[in-house]
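Student: Could we go through this structure together, with the reasons behind each label?

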Amino acid sequence: MRALDRKLWRDLWHMRGQAVAIALVVMCGVATHVMFLSTLHALRDTQQGYYREYRFADVFVSLKRAPEALRERIAALPGVARADTRVVAPLRVDMPDFGEPVNALMVSLPAPGGLNALHLREGRLPAPERADEVVVSTPFAEAHGLHPGGRFHVILNGRRQALTVAGTALSPEFIQQMRPGSAFPDSKRYGVMWMERRALGQAYDLEGAFNDLAIGLAPGASAAAVMAAVDGLLERYGGLGAYARHDQRSHRFLSEELQQLGTLARLFPAMFLAVAAYLLNVVIGRLVTMQREQVATLKAFGYGNGAILAHYLKLVAAIAAAGIVAGVGLGHWLGGLLAGLYMDFYHFPWLRYTLEPLVVVQAAAVSLLAACAGAWAAVARVARLQPAQAMRPEPPARYRETLPERLGLKRWMSQPTRMIARHIGRRPLKSALAVVGIALGCGIILTGLFQRDTVGYMINVQFGMSQREDLSLSFTDPTAYRARFELAALPGIQRVEVFRAVPVRLKSGHLEYRTSIRGLESGGELQRLLDADLRPVALPAEGLLLTDHLGKRLGVKAGDRITVEVLEGARPRRDVVVAGLVKEYLGVSAYMDLAALNAFMREGPTISGAWLGVDRAQLAGLFERFKGIPRVAGVAERVQEIRAFNRVMDETMLFFTYVATVFAVVIAFGVIYNSARIALTERGRELASLRVLGFTRGEIAYILLGELAVLTLAAIPLGLVAGRWMCHYIASTMQNDLFRVPVVLAPQTYAFAVTVVLVSALLSGLAVRSRLDKLDLVAVLKTPE
Amino acid sequence: MNELAQAGRPIFEARGLTKVYEMGEVRVEALRGVDLDIHAGEFLVLLGPSGSGKSTLLNILGGLDVPTSGTVRYGDHDLTVDDDAAMTRYRRAHVGFVFQFYNLIPSLTARENVALVTEIADDPMRPEDALALVGLAHRLDHFPSQMSGGEQQRVAIARAVAKRPQVLLCDEPTGALDVHTGVMVLEVIARVNRELGTTTVVITHNAVIAGMADRVVHFGDGQVARIERNAVRQPASGLSW
Ligand SMILES: Nc1ncnc2c1ncn2[C@@H]1O[C@H](COP(=O)(O)OP(=O)(O)O)[C@@H](O)[C@H]1O
Ligand SMILES: [Mg+2]
């Protein structure tokens, strides 16, 4: 046995180039597994621990105004463990030294021991009865350099009031803080703050009353039953419909992210390990073929099949083990980087990123299994060898004419070209698998880049074709239509389009969805609705247009009727026809003609806000003026939305791009280099014979590398198709109410993937070419095949 | 026998050739001062025990290897210069090789194995004619795996002569063949020498083959022991061993 082990190490040393290439592929598989799963587990742990320790509520509901006494009745509902009433108010913030509009959500401080507790980061909670102290969310504080003692102004129900920062904090309810209607956080322009309940209540005329409710469910209670009961109780208090955690924005955003990580954690390791298994199959297969005489000798000396099988499996395991160790290290490191990115992005109070033994064991077990499974067929051949037969050289390989030759192309094929074709055709399955392996590398690059392309496309559709305003402005309350003319009269405003937004519950059969209907003026240029082909659609005089995703959620199409329950004002309820569906990648909405919506609401011409086209030179002046208009609840600037989008992309996507590209290079190189090395051992003899016949180095390189070139060129289109398919798979897990990710791949992305594969092929080719130049011509003449 | 050619300058001239292989600690002197002239059109047999340096000499004559010292010249070509590109051109243009183990390309048919060489030659025969010359006109489209050893060796000869080389170098061409097939292969080589006037060098350690040659060079211990001239060349069919 000791001698056999020494042979193992010699064999490994002899095939070190190939062993390293395979170990690298195993490493990538293990690294992706460890990276994604460790990060995923760390994030899940954090999420769960954070929710538990800070008592994240299970059910949420906003309403207009209800007396505090109602709390007791809600708390007494079956299934409700705890009900916390709150006052919540969106408001404008006036930050010193920052001229642009800033909005915030002001929430009354949770009672001690209450739901959605704060995790104080700096300072302290506001002193009781100190109406001018606030806690601000950490990301917002960081974006503005705010610390305890810092001061700024807010517009509290139309009154400008100075506030002092008592502390900064994080909340499980606002892990991700996004302006309503925005898909990406912009901490500089939007934040959450908490102040003393009484002062906030006074400002909004909600003393002894509340306008928001957080509910903690008893263990095992049904959220749906509680929500129905709560909705019943709050109906007459302007309830906007209860929703469960699942629909809570911050939670939803985080959950979607975790789900995507889970998808990647399944997809990537599987691809790498499949390629590693394939490589081990061919490399070990070749090794066994070359060592058949040694195997026969060992058998003749009385080594059993078991010992010889174990010997080769040990070789495989040694290669896999090297990959596993390197992969665990790399995955742990990359996972730490990834977790760090998430930590920055989500502002968790803590994130314990650890290398879990279970993840490592899983990765190791799966990799070893894949490696041994890949090599098994090759190794098992050893067992079937009869010593006497194995001592003899293998019978010569059989070749046949290939399909292209039989189709008549033969005439144009030189003999070297025929050699290439026949060698590929001799083992079509092996050649096909090599093509698939290279194609996977090509495809992986696309998956690393597609999110960038896709998001660019989504931004272009959303902000280039659909929302084309410079500013969007919302009023604190529904406002008379004539405000439109006042806005139009402001200096610097070039175009005004107004809208009405009404919170509704849409129902179709047993399906329902809470959203808002937007009433738009027809013929709008700043806000356009697009059909499936992204052409602007005209607003119908009657009926609703729904986001296509909403149509799917409600199971309706154009021509169907749905029930609309308005959740404000006189709360009208009526069936309305769905006039059509519109394409939207972000959010979920319903649209109606403004006049029709006003009529539906049985109100005069009323608006909730406006989209403005402005002269950018006068922007600062406009912002100043808006500050003086109490009715203006908030102003958002479109370019800032786009910037927020891009910032998020740069922070998170680049990481994936780099990792995927590097890993794809490893796969492409691993497959091509190993194919080349095997081809070299298989064909070294005939190539040397050709050199003897007077063929030049270049001419024999053509024969060997030509085969690789054919495989690579065949792999590229397949890889682009497969990559698209993988992108579709990833995108299919990114279809939710927050966003629907289409698959868009820019030509440059395809070009990049193709280039990376070609460069990998070229490098592998050069690596083998140098060996080709050192072929020993005389040696091949002295030995039989 | 081509008297005229023999009268002129020899086509190979080797003087004081030595070849030393150094393998780690071990020094093997494969050639120890070989002087030899070979004339155009001549049929030469190299005879000697295994390990006496015959292949080493043949490889040097064929441009596959260079001597450690001494001079060797083919026409105007200096064969002592270790220049891969020049050697490749030399082999391509002037030399036909036949080896003990055939060294055919398994993925190419008989015709294609010959075409491999004719495609890169200046004034080649048609592959079919070359194969007819070795008596294989009926086996054109067979792959090596479908042919016997003798047939494969004859394909190798056809491949070697199809480009009409000036020299045909054969290293134990019958080494892997039985008697009957061996004789057939030797007949083909003799026929090429006779009909095409190709200078032919055949290595063997089988003394009986020597009867076919114009001259027999006896090799021993890396040196030319003696040179014998046959007054009459025997036909291969008359040989037996
Ligand atoms: N490439 C080589 N490396 C080391 N020794 C060699 C090499 N080729 C031949 N030899 C040695 O040189 C000597 C002569 O070999 P060779 O010319 O093949 O003899 P022959 O063809 O007469 O049997 C032998 O001892 C052989 O072992
Ligand atoms: Mg020899």
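The conversation below takes some labels one by one and sets each against its definition.

Tutor: Before we begin, note that this is a predicted model, in which local features need pLDDT of at least 70 and side-chain atom pairs count only at pLDDT 80 or more, while totals for chains, interfaces and linings use all residues. Residues are numbered from 1 along each chain as its sequence is written, chains are lettered from A and ligands numbered from 1 in the order in which they are written, and side-chain values use heavy atoms, with hydrogens and water left out.

Student: Why is A:Leu429 called exposed or buried, whichever it is?

Tutor: Buried means under 20% relative accessible area, exposed means over 50%, and partly exposed lies in between, with a 1.4 Å probe and protein chains only. A:Leu429, which lies in helix α14 of chain A, has a relative accessible area of 62%, so the residue counts as exposed.

Student: And what makes A:Ser431 buried or exposed?

Tutor: A:Ser431 also lies in helix α14 of chain A, but its relative accessibility is 11%, and therefore it counts as buried. Leaving aside neighbours within four places in sequence, A:Ser431 is in contact (heavy atoms within 4.5 Å) with A:Ile424 and A:Leu711. A:Ser431 and A:Leu711 are 280 residues apart along the chain, with 7.3 Å between their C-alpha atoms.

Student: Which residues form the nonpolar patch on the surface?

Tutor: The patch consists of A:Leu429, A:Leu433, A:Val436 and A:Leu718, with about 340 Å² of accessible area together. Helix α14 of chain A (residues 428-466) gives the most, with three residues.

Student: How do you know that β1 and β10 of chain A pair?

Tutor: Two strands pair if DSSP finds at least two bridges between them. Strand β1 (residues 59-67) and strand β10 (residues 209-217) of chain A have six bridges, in the antiparallel sense, so the definition is met. One of the facing pairs is A:Pro67 with A:Ala209.

Student: How many bridges join β1 of chain A to β11 of chain A?

Tutor: There are two, again in the antiparallel sense, between β1(A) and β11(A), whose residues are 243-244. Here A:Phe60 has A:Tyr243 as its bridge partner.

Student: Why do β6 and β10 of chain B stand at the edges?

Tutor: The open sheet has six strands in the order β6-β7-β8-β3-β9-β10 (chain B), with mixed pairing. β6 (95-98) and β10 (223-229) of chain B each have a single partner strand, so one side of each is left without a neighbour in the sheet. Between β6(B) and β7(B), which run parallel, there are four bridges, and B:Phe97 stands opposite B:Leu169.

Student: What makes helix α2 of chain B mostly covered?

Tutor: In α2(B), residues 54-61, seven of the eight residues are buried, among them B:Leu57, B:Leu58 and B:Ile60. The helix is followed by B:Gly63, whose phi is positive, near 75°.

Student: Is B:Leu136 buried or exposed?

Tutor: B:Leu136 is found in the loop between α5 and α6 of chain B, and at 1% relative accessibility the residue is under the limit and so counts as buried. Apart from neighbours within four places in sequence, B:Leu136 is in contact with B:Leu131, B:Glu151, B:Arg154 and B:Val155.

Methods. Patch = residues over 30% accessible without salt bridge, like charges linked within 9 Å, V, L, I, M, F, W, Y side chains within 5 Å. Areas by Shrake-Rupley, 256 points an atom, 1.4 Å probe, with all protein chains shown as cover. Salt bridge = Lys/Arg side-chain N within 4 Å of Asp/Glu carboxyl O.
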